[in-house]
Amino acid sequence: MQLSAFGRAFKTPDLRKKLLFVLFIVVVFRLGSIVPTPGVSYGAITRCAEAATGGDDSSVYGMLNLFSGGALLRLSIFALGIMPYITASIIIQLLTVVIPRFEELKKEGPSGSTKLTQYTRYLTVALGVLEGTGYIAMARYGQLFPNQPGCTGDDIIPDQGIFTIIVMVFTMTAGVAVIMWLGELITERGIGNGMSILIFCQIIAVFPSQLGAIYSQDKLKFAAVMALGLLLVAAVVFVEQAQRRIPLQYAKRMVGRRMYGGSSTYIPLKVNQAGVIPVIFASSLLYLPQLASLIWQENKAFSTFVNQYLVKGDHPLYMGIYVLLVIFFAFFYVSITFNPLEVADNMKKNGGFVPGIRPGRPTAEYLDYVLTRITTPGSLYLATVALIPLIAISLVQATQQFPFGGTSLLIMVGVGLDTVKQIESNLQQRNYAGFLR
């Protein structure tokens with residue numbers, strides 16, 4: 001998309017109104033990420049958050065802080081960010097394959113989707129209560145900023161009475177509900193998907209501080225990081241746009257006195273059909289041993305093994321398990337979101353067929369064969385991108401400040417491309433000149 005398109009978008013009254021509305025919601029969202037939760041010592045949490053290095057986005061803790069735009073370390077009212085909603089959406093989507101009732105709702109169309117959205121909201125609030133309780137417990141026991149002087153639980157939360165804790169959990173959970181509402185407002189009245197835009201804003205919010213820290217340490221390293229970042233963004237854009245187009249032909253048929261069909265189209269199968277979901281799943285699963293070691297600290301052998309091999313992201317064993325999990329979840333997620341047999345049956349019912357392939361089961365087998373072939377390089381691509389921050393930390397000692405890589409890069413590029421396409425679509429609807437000039 002040319003830069004002049006943004007100028008044309010702001011010149012169009014309707015589009016300008018939508019874009020300004022999105023900017024307003026983003027400002028409100030960022031303000032909520034700064035306001036501290038009642039009961040938190042603002043001076044102590046600010047000092048500790050500035051001293052903390054944050055964490056790479058390969059671990060769940062670092063990924064949650066990334067998705068909150070740094071609000072998690074500040075225990076703000078929007079500290080939980082968008083992660084509870086993402087987790088709830090993934091769980092509901094997976095349950096549609098397991099629970100027949102959810103599968104029926106998915107097939108009912110808009111009414112069923114509305115019901116599933118309602119279930120997602122309820123689950124989001126429940127996860128908000130659980131995650132809020134967990135983070136407040138971490139802050140109380142000094143695990144939010146380990147080994148930092150002046151960052152103990154008593155320093156961060158001076159009054160640790162039961163009423164104060166309940167108010168903090170309630171405030172954080174209410175923050176999750178408000179974030180859901182803001183995202184739905186953007187989707188209804190703005191441009192693009194509201195939740196995706198909020199995630200995008202939270203991720204880029206930490207870029208200035210990370211790049212500033214690298215620049216203050218070494219200007220040559222800063223130039224190398226910026227050059228590598230541009231190359232990575234270009235490569236990710238290229239792969240995210242890549243797709244295999246399977247030709248599809250519809251036979252002509254008579255309906256009453258009219259002839260229908262006879263058109264040609266295609267089925268677009270993206271190389272990265274699973275998106276960023278496999279990376280999130282792999283990171284979540286690798287966090288379980290760390291959580292188990294915190295619970296069973298009396299088992300010294302297990303805790304030592306986890307701390308030595310499964311906590312440091314630059315360890316070869318951690319990297320190997322991470323890559324295998326990303327590849328596995330890439331195939332798993334594609335298998336449950338794209339059903340070749342169902343697609344082939346729908347094509348057969350509507351008179352469609354792939355040239356040279358018989359309708360029905362042969363078409364389903366062909367689609368499954370093609371999908372497996374393109375998912376293999378797609379999963380390897382996801383694993384490579386996910387390893388970028390780990391390799392950067394290991395080789396150039398980026399001290400967990402390498403911003404271009406992993407989950408953040410995939411989300412930024414994906415949301416950016418989707419938003420630009422929607423702006424282009426709106427411009428074409430309002431400036432369509434037709435075939436004749």
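**Entry 1: Glu-424**

I started with Glu-424 and found it in helix H19, which covers residues 406-430. A reminder to myself before going on: this is a predicted model. Is Glu-424 buried or exposed? Neither label fits, because its relative accessibility is 30% and that counts as partly exposed. I then looked up its distance to Ala-9. The two residues are 415 residues apart along the chain, yet their C-alpha atoms are separated by 8.8 Å.

**Entry 2: the whole protein**

I stepped back for an overview. I noted 19 helices and 5 strands in the secondary structure. The protein has 437 residues, and 43% of them count as buried. I also checked contacts between residues at least 6 apart in sequence: 70% of these join residues at least 24 apart.

**Entry 3: Glu-240**

My next stop was Glu-240, which sits in helix H13 (residues 219-241). This one counts as buried, because its relative accessibility is 10% and the cut-off for buried is under 20%. What does Glu-240 touch, leaving aside neighbours within four places in sequence? I wrote down Lys-270, Asn-272, Tyr-381, Leu-410, Val-413 and Leu-417. For Lys-270 I looked up the spacing too: it is 30 residues from Glu-240 along the chain, with 7.4 Å between the C-alpha atoms. With Tyr-381 there is a polar contact, side chain to side chain, at 2.8 Å.

**Entry 4: H2 against H10**

Now for helix pairs. I remembered that two packed helices are described by the angle between their axes and the distance between the axes. I took H2 and helix H10 (residues 162-189) and got an angle of about 170°, with the axes 10 Å apart. So H2 is roughly antiparallel to H10. Which residues make the contact? From H2 I listed Lys-18, Phe-21, Val-22, Ile-25 and Phe-29, and from H10 I listed Ile-179, Leu-182, Leu-185, Ile-186 and Arg-189. Sorted by class, that contact has 8 nonpolar residues, no polar ones and 2 charged.

**Entry 5: H2 against H11**

I stayed with H2 and turned to helix H11, residues 194-205. Their axes come within 11 Å and cross at roughly 55°. That angle makes H2 oblique to H11. I noted the crossing as right-handed. On the H2 side I found Val-22, Val-26, Phe-29 and Arg-30, which meet Ile-197, Leu-198, Cys-201, Gln-202 and Ala-205 of H11. The class count for this contact is 7 nonpolar, 1 polar and 1 charged. I spotted Val-22 and Phe-29 here, and both were also in my list for H10.

**Entry 6: the loop after H2**

I followed the chain into the loop between helix H2 (13-32) and helix H3 (42-51), where Ser-33 is found. Ser-33 counts as buried because its relative accessibility is 3%. Where does the Ser-33 side chain reach? I traced it to the backbone oxygen of Phe-29, at 3.1 Å.

Val-40 lies in the loop between H2 and H3 as well. Its relative accessible area is 11%, so I marked Val-40 as buried. Skipping neighbours within four places in sequence, I found Val-40 in contact with Ile-45, Leu-75, Ile-156 and Met-168. My last lookup was the pair Val-40 and Arg-74: they are 34 residues apart along the chain, and their C-alpha atoms are separated by 8.9 Å.

Notes. Residues are numbered from 1 along each chain as its sequence is written. This is a predicted model: local features need pLDDT of at least 70, side-chain atom pairs count only at pLDDT 80 or more; totals for chains, interfaces and linings use all residues. Side-chain values use heavy atoms; hydrogens and water are left out. Helices (H or I, at least four residues) and strands (E, at least two) are DSSP runs, numbered from the N terminus. Buried means under 20% relative accessible area, exposed over 50%, partly exposed in between (1.4 Å probe, protein chains only). A polar contact is a pair of N or O atoms within 3.5 Å; within protein, one must be able to donate a hydrogen and the other to accept it, and residues adjacent in sequence count only if both atoms are side-chain atoms. Axes are lines fitted to C-alpha atoms, for helices over the stretch in contact, and angles run from 0 to 180 degrees between N-to-C directions. Angles under 35 degrees count as roughly parallel, over 145 as roughly antiparallel, 65 to 115 as roughly perpendicular and the rest as oblique. A crossing is left-handed if the near helix is turned anticlockwise from the far one by less than a right angle, and right-handed if clockwise. Contact means heavy atoms within 4.5 Å. Ala, Val, Leu, Ile, Met, Phe, Trp, Tyr, Cys and Pro count as nonpolar, Asp, Glu, Lys and Arg as charged, and the others, Gly among them, as polar.
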